[in-house]
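Please read the following report with the sequence and the coordinates open beside it. The text moves from the pairing of the chains down to single residues.

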2 protein chains.
Amino acid sequence: MQEKENGSMVNVAVDAMGGDNAPSEIVKGAIDAVNGKENIKVFLVGRQEAVEDALAGLSYDKSRVEIVPATEVIETAEPPVMAIRKKKDSSIVVGQKLVKDGICDAFVSAGSSGAVLVGGQFIVGRIKGVERPPLAPLIPTAKGNSLLIDCGANVDARPSHLVQFAKMGSIYMEYVIGIRNPKVGILNIGAEEDKGNMLVKETFPLLQNCPDIHFIGSVEARDIPGGAADIVVCEAFSGNVALKMYEGVGAVLIDEVKKGITVSLKSKIGAALIKNDLKKTLKRFTASEYGGAPLLGLNGLVVKTHGNAKAKEVTNSIYQCVTFKEQKINEKIKEKIRLGDE
Amino acid sequence: MQEKENGSMVNVAVDAMGGDNAPSEIVKGAIDAVNGKENIKVFLVGRQEAVEDALAGLSYDKSRVEIVPATEVIETAEPPVMAIRKKKDSSIVVGQKLVKDGICDAFVSAGSSGAVLVGGQFIVGRIKGVERPPLAPLIPTAKGNSLLIDCGANVDARPSHLVQFAKMGSIYMEYVIGIRNPKVGILNIGAEEDKGNMLVKETFPLLQNCPDIHFIGSVEARDIPGGAADIVVCEAFSGNVALKMYEGVGAVLIDEVKKGITVSLKSKIGAALIKNDLKKTLKRFTASEYGGAPLLGLNGLVVKTHGNAKAKEVTNSIYQCVTFKEQKINEKIKEKIRLGDE
């Protein structure tokens, strides 16, 4: 792996074509990041004309914004492996190659999750010793945030994978999010040690004996929103179920509450009065406030934002890349993984 | 299996000692059921004195309430298999034996989930041909309710188990809940057919080719609260994660909303005005309104209510038992399972 060493500048490739709001919101988010921090340079990857249109009217330091042409776009519905192989000139492939070639430190995309994950593994490549790179979204909790690791990159994982997830997640939460000695729980269906499926039962003692992490035992999904653990280690299938249910319930409940409090004139007046304070609360529970989900364990950083990401989530994701580089997260991961192999 | 045939009377054994609010709320719920429907007889299983104390002051038809003494109580923390074996005179063992012996049609408990499930399998016993009895809670959705099947009885399930869950769940939703031709989805991490773990990929074509059900394909956890399917088939581990996350997010979000709308004087006034309408909305999303979760595929019915169940949930669970018997659910399950084996 080569790494770009140009002082403290952080070079971030941004998939200008990915997601529901591309290219305008993506480009706007990237420019906001450039205007927000002096040590960021963005490489906007996508169709030249579309990117130029999105840039029109925005003001920014031109030396820190570069357009990298890519003529193709991978659609969400395309089978990921095939798409990565065939669409060599897609924004996802071209953007991830910038990371592989050491031109960029990180790649941010709101595009096809599958293609971003597959590209991460096969284009950017894994850190030596990392068996599977996990996708690790942060979810808002009553106490702050928790990292759900893994949420979609590797179904049917093995115990050794989950141990690596715990190590990488701990490094991320400590140095990117700033939680000292973060608590690691394993997602389980009961609090007792003998509960769980085969994978959990085999992984539990390995986590107990892992010296690098602060393992607190089983965590039930019910206790995640309350902030029971800083890092919740899980196999990708159940992690994805937990994440999607979290998002789904939130959306429906907020919707029903809004409907429920505007059925009568009395409650309509009440609703108008609580509007501002309610908004603040709900905002705290909106994932976009926290940037996208990192794909950890790669030779560089890949961040997947929500498909419906707006400028703010893109900006925050780019800021995440800065902290990631400044805190030398990958160097720390390499060290922990190497130690674990000895 | 023997079945008590005393006309249309439904005999329900109730674990008077199980759950956080036992015995008072449990006994109250049972008596409310007896007072609510003329064809219910309850057998209150537990410590005689405690049950008598709980009954004191309640008025009811004494010919339809019987106390069945059981001196022991299984605690939630006890390992279930051991507890069922050792505590022969516990309310869970004695109550389930009443079903096994054909004295009662059903058993309702708010006690240890593990012990209720283990007892269901080993005391009440499975219907011939049923490979695994699933625990199938109903969860409130934007459109009504969905049955999550299985949520805790059998981790590491096989594809054939999931097919039986789909059949039993369809019968339950059609005849107990009253949804014609209910839609069956399989819990998955993407909508496309090629998504998922090994279990889902193997089960998907079996469900597609199953003539007895209305299969609609994959359902993401995100879409469950919106009511995407009437029956969501899943392996117990991920089902339990989905269920617990559903409950956990709901609780935290409601709590945060309540806190969030009482931070300023303005919003406090607003909160007072919306209180009644908000309550109605939140009530619809409260699981206790719908009774407990049935354990399907047994020689009789076992219903597990929430550990914190109050009288209303107990009453509704007993009503569920009535519908279950009146609609001859087990006869229908036997027929479908038998047909599937040919």
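What follows is a report on a predicted model, taken up in the order of symmetry, interface, core, domains and local backbone features.

**How the two chains are related**

Chain B is superposed on chain A by a rotation of 180° with 0.0 Å of shift along the axis, and the RMSD of that superposition is 0.0 Å. This is the relation of a two-fold axis. Within chain B, the C-alpha nearest the axis belongs to B:Gly270, which lies 1.8 Å from it. The two copies meet through the same surface, because 100% of the interface residues of chain B are also interface residues in chain A.

**The contact between the chains**

Each side of the contact can be counted separately: 50 residues come from chain B and 50 residues from chain A. On the side of chain B that touches chain A, the elements giving two or more residues are helix 8 (236-260) and helix 9 (265-284) of chain B. Helix 8 of chain B gives the most to this side, with 17 residues. Sorted by class, the side of chain B that touches chain A holds 26 nonpolar, 13 polar and 11 charged residues.

One residue of helix 8 of chain B, B:Met245, shows what such a contact looks like from a single position. B:Met245 counts as buried, because 27 other C-beta atoms lie within 10 Å and the cut-off for burial is 20 or more. When its neighbours within four places in sequence are left aside, B:Met245 is in contact with A:Ala221, A:Ile224, A:Ala242, A:Met245 and A:Tyr246. Within its own chain, B:Met245 is 232 residues from B:Ala13 in sequence, and the two are 31 Å apart in space, C-alpha to C-alpha.

**Helix 8 of chain A and the nonpolar core**

In chain A, helix 8 (residues 236-260) has 25 residues and should span 36 Å at 1.5 Å a residue, which agrees with the 35 Å between its end C-alpha atoms. This helix of chain A is mostly covered, with 18 of its 25 residues buried. A:Ile254 is found in helix 8 of chain A, yet A:Ile254 is partly exposed, with 17 other C-beta atoms within 10 Å. A:Ile254 and A:Val155 are 99 residues apart in sequence and 31 Å apart in space, C-alpha to C-alpha.

The largest nonpolar core has 234 residues, and those that touch the most other members are A:Val12, A:Ala242 and B:Ala242. Beyond its neighbours within four places in sequence, A:Val12 has contacts that include A:Ile40, A:Val42, A:Phe43, A:Cys104, A:Ile318 and A:Cys321.

**Domains of chain A**

The domain assignment divides chain A into domain 1 (10-130 + 297-327) and domain 2 (138-254). The C-alpha centres of these two domains of chain A lie 27 Å apart. Where they touch, 8 residues of domain 1 of chain A are in contact with 6 residues of domain 2 of chain A. On the domain 1 side, helix 5 (113-124) and helix 10 (311-326) of chain A are the elements that give two or more residues, and the largest share, 3 residues, comes from helix 10 of chain A. That side of domain 1 of chain A is made up of 3 nonpolar, 5 polar and no charged residues.

**Backbone features to inspect**

Most residues other than glycine have a negative phi, and most peptide bonds are trans. The table lists places in the model that depart from this pattern.

| Place | Feature | Angle |
|---|---|---|
| A:Ala22 to A:Pro23 | cis peptide bond | omega about -5° |
| A:Ile149 to A:Asp150 | cis peptide bond | omega near 25° |
| A:Asn181 | positive phi, not a glycine | phi about 50° |
| B:Lys328 | positive phi, not a glycine | phi near 50° |

Their settings can be given in turn. A:Pro23 is found in the loop between strand 1 (10-15) and helix 1 (24-36) of chain A, while A:Asp150 has its place in the loop between strand 6 (145-149) and helix 6 (159-177) of chain A. A:Asn181 lies in the loop between helix 6 and strand 7 (183-188) of chain A, and A:Asn181 is exposed, with 10 other C-beta atoms within 10 Å. B:Lys328 sits in the loop between helix 10 (311-326) and helix 11 (329-341) of chain B, and B:Lys328 counts as partly exposed, with 13 C-beta neighbours inside 10 Å.

Definitions and conventions:
Residues are numbered from 1 along each chain as its sequence is written. Chains are lettered from A and ligands numbered from 1 in the order in which they are written. This is a predicted model: local features need pLDDT of at least 70, side-chain atom pairs count only at pLDDT 80 or more; totals for chains, interfaces and linings use all residues. Two residues are in contact if their C-beta atoms, placed from the backbone, lie within 7 Å. Helices (H or I, at least four residues) and strands (E, at least two) are DSSP runs, numbered from the N terminus. Ala, Val, Leu, Ile, Met, Phe, Trp, Tyr, Cys and Pro count as nonpolar, Asp, Glu, Lys and Arg as charged, and the others, Gly among them, as polar. A nonpolar core is a set of buried Ala, Val, Leu, Ile, Met, Phe, Trp, Tyr and Cys residues joined through C-beta atoms within 7 Å. A residue is buried if 20 or more other C-beta atoms lie within 10 Å of its own, exposed if 12 or fewer, and partly exposed in between; C-beta atoms are placed from the backbone. The expected span of a helix is 1.5 Å times one less than its number of residues. Domain bounds come from an automatic or database domain assignment. Copies are superposed by least squares on the C-alpha atoms of residues with pLDDT of at least 70 in both.
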